[in-house]
Amino acid sequence: MSALSNLEVQITNDHLNKMLKLKPIRAISELIWNALDADATMIDIVFERNLLEGLEHIIIKDNGHGIQFDFVDQFFGKLGDSHKVKDKASPNGRKYHGKLGQGRYSGFVLGRSVEWVSVIEQEGELYEFSISGHDRNLKVFGKTSLTKAISPFTGTIVSITELIDDSACKISNKLILAQDLTMVFAPYLLAYKDISITVEGLKLEPEKQIVTTHDFPLFQQNKESELVRGSLKVIEWKLGSHRNLYLCGQTGIAFEEETTGIKSGSFSHTAYLISNVIDDLWETNQIDVRTLHPDYIVLRETAETTLRDLYRQKLVNEASHEIKILKNDRIYPYKGEAQTVVEEAERQVFDICAVKINQYLPDFNKVAKSSREFTYRLMKEALQSNPDSLRLILKEVLKLPPEQQDELASILGKTSLESIINTTKLISNRLLFLNGIEQILYGEDFHKKLKERSQLHKILLRELWLFGEQYSYGYDDISLKNVLKKHLSILKRDEISPEIDYKKITTLDDIPDIGLYRQYKYGREDCYENLIIELKRPSCVVGTEEISQVKRYAHAIEKNVHFDKTKTKWKVVLIGIKLDDEARFESSQGDREAGLIYKNKTGNMEVWLKEWNEVIQEAKGKHQFLKERLELEVKDNEEGLQYLRTKYKEYIPE
């Protein structure tokens, strides 16, 4: 070959250092992708070893179209200006993996000296040239001129010498390297059957190592209600304990690798998350900050849920035989068939845990039948009432090692089951509460006996969700003077309070029942809404006197300069069982919303009048959809009343 000429690369040291931190398997994968981008159909990885079987020389050969000599100075010399940015696809139509020319530096992860010898075709003739570099100066490469080629085929040979021991050692075992590369390139090799990749003569044949494959379409709405689409391919392997997740573009090209998060040695798998969202992240250089991209977050969470559901179903299938034995021994804690989807999901997790326990503890079957029955009953109770407590049983009762505790707990903790069970319990209890509160407010047995402050008030303090999930508890049963102190504290303006002479304030002696607040974004993040609730006992008929009372609260707050009006909205709500004619007339004016009886000009103070029936029905409506989805049954008001008697027996009059 002819004399060398210098080829200078424009690159910062920070960028260079980042590229040299690739893992060895990723580095060799990048060199293979370069060959595939050159339309290679045969790629051979060859190791030359010394007498002690240590690696001396790594060679990657391909039969692609080679590095185009006329563009070497333009594209090889400028990082980030690879021709792949402009062309998008190879001459044979394959979508490019690389685009920024960074693949050339991956060889220096493995060795200090890298040489590319490329054979290309020009005007029907074959020519060759070489490019070489050394880690002494990675901003300058040597390039030869074109000479007639000896080889009868186009292609590129990458030679890596002066190997870095630590990196070379991690890829020196050809069986392990072939397995790792199979996981990276499996979708690509399954899609392009004409491509052959070998490691020291060992061909990558993913179809021979696969137990089964699963393909799932993914689609989920983002916060803007736009549909985010993708797909998830999961390959189960015959050997190993793999749990890799590759982020791929639409053509199946893997750009990044993560772990799937599935803690299991028995489920050796590789997942491929495929979407144009990942293509966009790669092409816009945002792949490293993908966790800040809303569409990627939606896609990743959907993929994780899908993968965990697959794993749980796989375990359920494996568990069926073992569960038959438990049923035959009459120690299975569930009776009959599952009646709802929630019960079915709960049983699935129980079955999995029961089988895994027998796998982890071979002697568990030798334990007395009564002890095993008691353990299974504990597990069932944990799943039904408090899924979080399952880990305690695994640790304290069964004495499982932490690793096996983690695997079993992860079956529950990161699937939708825990949230289904907890939500089921929450919604069920709320529906029972609504039925019960309706009974004591409107039932003849309680209507006249129920007291406002000592009974109704105390019950509602534990069920503040009734007035809005968005609110937090602020105070109850204190004067408006103390409400002012709480208000300043919530606003983090406590230093103002000592300057106020509360003794001279005579308009803040009223005592509202309950105060709630929420922080929200209203142009600024430090804005608040305060909700003041005034309750009336069931026997009280709300009229002008009660309306005047809550309006007095509102006017007192409006007139007092220390209550914030610029960053805080105030809403005073009066709730009663019955309204007299005057109250009903005032709450149903045509120029404002039903129930709104006062609103100031600035809009930061409102007074509302509501009937308990309206509040209860509104809450029931909000929970109705969840009730249907979770297949709950709240049979009648008597069941709700029994729930209240049990939970609030000290506040329910006999």
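Buried here means under 20% relative accessible area, exposed means over 50%, and partly exposed is what falls in between. That is the yardstick for arginine 26, which at 25% relative accessibility counts as partly exposed. Keep in mind that this is a predicted model. The protein chain runs to 654 residues, and 51% of them count as buried. It is built with 22 helices and 23 strands. Take the contacts between residues at least 6 apart in sequence: 70% of them join residues at least 24 apart.

**Salt bridges**

- The count for the model comes to 22 salt bridges.
- Arginine 26 pairs with glutamate 30, with N to O at 3.2 Å. Both sit in helix H2 (residues 24-37), four residues apart, or about one turn of the helix.
- Glutamate 30 has 10% relative accessibility, so this end of the pair counts as buried. Arginine 26, at 25%, is the partly exposed partner.
- Helix H10 (residues 294-328) has a pair with that kind of spacing: glutamate 304 and arginine 300 are four residues apart, about one helical turn. Their side chains meet in a salt bridge at 3.9 Å, N to O. That still qualifies, because the cut-off is within 4 Å.
- In the H10 pair, arginine 300 is buried, with a relative accessible area of 14%, while glutamate 304 counts as partly exposed at 24%.
- Glutamate 438 and lysine 620 form a salt bridge, with their closest N and O atoms 2.9 Å apart. Glutamate 438 belongs to helix H15 (residues 417-442) and lysine 620 to helix H21 (residues 612-629), so this pair ties together parts that are 182 residues apart in sequence.
- Glutamate 438 is buried at 15% relative accessible area, and lysine 620 counts as buried too, at 18%.
- There's also a network: salt bridges with shared partners join Glu258, Arg290, Arg300, Glu304 and Arg308.

**A buried lysine without a salt bridge**

- Lysine 380 is found in helix H12 (residues 369-385).
- Lysine 380 is buried, yet has no salt bridge. The nearest side chain of opposite charge belongs to glutamate 381, 5.2 Å away. Since a salt bridge needs the nitrogen within 4 Å of a carboxyl oxygen, that pair doesn't make the cut.
- Setting aside residues up to four places away in sequence, lysine 380 touches Pro333, Tyr334, Glu346 and Phe350.

**Helix H7, bend and all**

- Helix H7 (residues 174-191) has 18 residues, which at 1.5 Å a residue should span 26 Å; the end C-alpha atoms are 24 Å apart, which agrees.
- H7 bends by about 65 degrees at phenylalanine 185. A proline, proline 187, follows within four residues.
- Both phenylalanine 185 and proline 187 are buried. Other buried residues of H7 include Leu177, Ala178, Gln179, Leu181, Thr182 and Met183.
- At the N-terminal end, asparagine 173 caps H7, with a side-chain oxygen lying 3.0 Å from the backbone nitrogen of leucine 175.

**Positive phi in the loops**

- Glutamate 200 isn't a glycine, but has a positive phi of about 50 degrees. This residue lies in the loop between strand E9 (196-199) and strand E10 (202-203).
- With a relative accessible area of 26%, glutamate 200 is partly exposed.
- Aspartate 477 is another non-glycine with a positive phi, here about 55 degrees. Look for aspartate 477 in the loop between strand E16 (472-476) and helix H18 (480-490).
- Aspartate 477 is partly exposed as well, with a relative accessible area of 37%.

**Helix H18 and what follows**

- The buried residues of H18 are Leu480, Lys481, Val483, Leu484, His487, Leu488 and Ile490.
- Just after H18 comes lysine 492, which takes a positive phi of about 60 degrees.

Key:
Residues are numbered from 1 along each chain as its sequence is written. This is a predicted model: local features need pLDDT of at least 70, side-chain atom pairs count only at pLDDT 80 or more; totals for chains, interfaces and linings use all residues. Side-chain values use heavy atoms; hydrogens and water are left out. Helices (H or I, at least four residues) and strands (E, at least two) are DSSP runs, numbered from the N terminus. Buried means under 20% relative accessible area, exposed over 50%, partly exposed in between (1.4 Å probe, protein chains only). Lys and Arg count as positive and Asp and Glu as negative; His and the chain ends are not counted. Contact means heavy atoms within 4.5 Å. The expected span of a helix is 1.5 Å times one less than its number of residues. The bend at a residue is the angle between axes fitted to the seven residues ending there and the seven starting there. A polar contact is a pair of N or O atoms within 3.5 Å; within protein, one must be able to donate a hydrogen and the other to accept it, and residues adjacent in sequence count only if both atoms are side-chain atoms.
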